[in-house]
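Hi there,

I hope your week is going well. Here is the structure I promised to send over, and my notes follow just below it.

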Amino acid sequence: MSLPAKSSKQWQDVVTGKKAYELKFLAAKILLGRLTRSLSENPSPDNVKAGIDQLYDVYAKNSHIPSVQDDLKTIFG
């Protein structure tokens, strides 16, 4: 599965914690924990965009790893 565009609504839902998924990729789980805490304190559009950028980059850099592919299927179907 290719990486969905940053404009996909699911990215925002994930980083803001609006939707929670059981993720397999450890680096994304750790980053997401930090991002959802940070965004709950300051959910400004700029912070949400920065969070999406960070999570997107982690998945983009590791897109060859099977657990990343599993996470993308879980989040984006």
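Let me begin right after the first helix: Gly-17, which comes just after α1, takes a positive phi of about 80 degrees. Please keep in mind throughout that this is a predicted model.

Now to α1 itself. Its buried residues are Trp-11, Asp-13, Val-14 and Val-15. As a group, the buried residues of α1 pack against α2, α3 and α4. You may notice an acidic side chain in that list, and this brings me to the salt bridges.

The count comes to four salt bridges. One of them sits within α1: Lys-9 pairs with Asp-13, and their closest N and O atoms are 3.1 Å apart. The two residues are four positions apart in the helix, or about one turn. How accessible are the two partners, Lys-9 and Asp-13? Lys-9 has a relative accessible area of 44%, so it counts as partly exposed. Asp-13 has a relative accessibility of 6% and therefore counts as buried, the cut-off for that class being under 20%.

Another salt bridge joins Lys-24 to Asp-70, with 3.6 Å between the closest N and O atoms. Because Lys-24 lies in the loop between α1 and α2 (26-41) and Asp-70 belongs to helix α4 (residues 66-76), this pair ties together parts that are 46 residues apart in sequence. On the accessibility side, Lys-24 is exposed, at 56% relative accessible area, while Asp-70 is partly exposed, at 29%.

Then there is the pair formed by Asp-53 and Lys-6, whose closest N and O atoms are 3.3 Å apart. This salt bridge also links distant parts of the chain: Asp-53 is in helix α3 (residues 45-61), whereas Lys-6 is in the segment before α1 (9-16), and 47 residues separate them. Lys-6 has a relative accessibility of 36%, so it counts as partly exposed.

Which residues are linked with Lys-6 in a network of salt bridges? They are Lys-49 and Asp-53. When you open the model, you could look at this trio together with the Lys-24 and Asp-70 pair, and then go back to Lys-9 and Asp-13 inside α1.

Do write back if you would like to go through any of this together.

Best wishes

Definitions and conventions:
Residues are numbered from 1 along each chain as its sequence is written. This is a predicted model: local features need pLDDT of at least 70, side-chain atom pairs count only at pLDDT 80 or more; totals for chains, interfaces and linings use all residues. Side-chain values use heavy atoms; hydrogens and water are left out. Buried means under 20% relative accessible area, exposed over 50%, partly exposed in between (1.4 Å probe, protein chains only). Contact means heavy atoms within 4.5 Å.
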